[in-house]
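Biologist: Got a minute to go through this one with me? I'd like to start with the annotated residues and then look at some helix packing.

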Amino acid sequence: MTPDPHRPAGASGSAPVGPPAASTRSHRRRAVRALGVLAGSTAAVALALALTAPPDAVQGQAQRWMYLHVPAAWTAYLCFAVVLATSLPTVLADVRRPLLVARAAAETGVVLTALTLLTGSVWGALTWGTWWVWDARVTSTVAMGLVYVAFLAALAAATGRRGRRTASAVGVGGFAVVPVVHLSVVWWRTLHQPPTVLAPGAGAPLDPAMAAALVVSVAAATLAATLAVTVRVRRLRGAGGVPDGGPGRAAGGAPAEARAATAAATTGRDAGSALGRP
Amino acid sequence: MSTARRRTVAWGVLAAAVAGVVAIVASASRDGLTYYGTPSELVDHSAVQRDVRLGGMVVPGTVEQADRAASFVLTDGATDVTVRYTGSLPSTVREGEGAVVEGTLAGRELEARTVLLRHSNEYRAPEAAP
């Protein structure tokens, strides 16, 4: 992949305002494809490393679920950091564009949180001897999923400027759940073990081959999540994926709402302002 | 789905998600977020039989597995509790590793209903294991 001088920083392309020129569009398409190739090849390396790393001395083969579970949890955290960063501008000033990225990141985050619980459940069944416990780690992870859903629902229910800013505030405040999830195993007595890598203070011993597999798995998951968010943002942009209306920068208030309603009535499909699923 | 209907659904989902978070926080502040008690915490309190969730380390050399019954000793370093379990222990029960058991505690003896294993945050290859 060669660096592209024409492509603006921030490959997702949310920065420029107005319809991009045809050449920019094709550059972006190529950038997305390159990201896909990079994510795919990193995932292939991760898979090879995960399958060739030694089994754990105590847990045996079951420990390999770590290479799915930890990357899923990491990217679920990361998506919420993106929600925080892209909701904040709307809280501070009424801008709409970053909310597209916030919505895409939250949608990806919901899926990744579910994947974290699913892989954790299988790993737990194999090592703990149970599929599910309501310990602080599992409970707070469920809460993180609910906060993601609450943000998306608030965004979908929102109309106008106030709704938009309220939904963004949910996104910003909701990020507080992330440190709670991560530190739950330190703050409270849980069935889940404490962190090994991102641990406060000194970490715990991790076999070098396992560490390599874990690092590459996390990198692959980060790239895949970036790709998912990017592709989703491109889709949403074509479909007006954030709440419209009100005296915002890109909407014309009540007339826009009325137009949307008329369009919805005449075409029979959603021309509405809030969700716009493609 | 029309815009109005979609918004109604969104409000419903929002209410459900918020209710879920509130329920979790309420339950956490009522029961606490401590998943299990240690032998010292639980044994000291009383000698009457009661339902507990107890966690500790499996004392090396104490795991006994017969046909229909198993037993081992859990410790927190200060207090030991003998755990009896009907049936066969999960294969992941390891001496020196953590375990969490649910059951009825009387004195220093616990009749376990369920046995869960904790594992440490240390990962080693089998060769490197002590």
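Modeller: Sure. This is a predicted model. Let's start with Y123(B): leaving out residues up to four places away in sequence, Y123(B) touches D56(A), Q63(A), T196(A), L206(A), D207(A) and M210(A).

Biologist: And where does Y123(B) sit in chain B?

Modeller: In the segment after strand 6 of chain B.

Biologist: Buried or exposed, that Y123(B)?

Modeller: Buried, because 26 other C-beta atoms lie within 10 Å, and the cut-off for buried is 20 or more.

Biologist: Which residues does the "binding site" annotation cover?

Modeller: H119(B) and Y123(B), according to UniProt, from an unreviewed entry.

Biologist: OK, so what does H119(B) touch?

Modeller: V58(A), Q59(A), T127(A), Q193(A) and E97(B), again skipping residues up to four places away in sequence. H119(B) lies in the segment after strand 6 (109-117) of chain B, and H119(B) counts as buried, with 22 C-beta neighbours inside 10 Å.

Biologist: Switching to the helices. How do helix 1 and helix 7 of chain A pack?

Modeller: Helix 1 (residues 22-52) and helix 7 (residues 208-237) of chain A pack at about 155°, with their axes 8 Å apart. That angle is over 145, so the two helices of chain A are roughly antiparallel. Their crossing is left-handed.

Biologist: Which residues meet there?

Modeller: From helix 1 of chain A, they include L35(A), G36(A), A39(A) and L49(A); across from them, helix 7 of chain A brings residues including A213(A), S217(A), L223(A) and T230(A). The contact divides into 18 nonpolar, five polar and no charged residues.

How values were computed: Residues are numbered from 1 along each chain as its sequence is written. Chains are lettered from A and ligands numbered from 1 in the order in which they are written. This is a predicted model: local features need pLDDT of at least 70, side-chain atom pairs count only at pLDDT 80 or more; totals for chains, interfaces and linings use all residues. Axes are lines fitted to C-alpha atoms, for helices over the stretch in contact, and angles run from 0 to 180 degrees between N-to-C directions. Helices (H or I, at least four residues) and strands (E, at least two) are DSSP runs, numbered from the N terminus. Angles under 35 degrees count as roughly parallel, over 145 as roughly antiparallel, 65 to 115 as roughly perpendicular and the rest as oblique. A crossing is left-handed if the near helix is turned anticlockwise from the far one by less than a right angle, and right-handed if clockwise. Two residues are in contact if their C-beta atoms, placed from the backbone, lie within 7 Å. Ala, Val, Leu, Ile, Met, Phe, Trp, Tyr, Cys and Pro count as nonpolar, Asp, Glu, Lys and Arg as charged, and the others, Gly among them, as polar. UniProt positions are given in the numbering used here, feature names are shortened, and annotations may be inferred rather than shown by experiment. A residue is buried if 20 or more other C-beta atoms lie within 10 Å of its own, exposed if 12 or fewer, and partly exposed in between; C-beta atoms are placed from the backbone.
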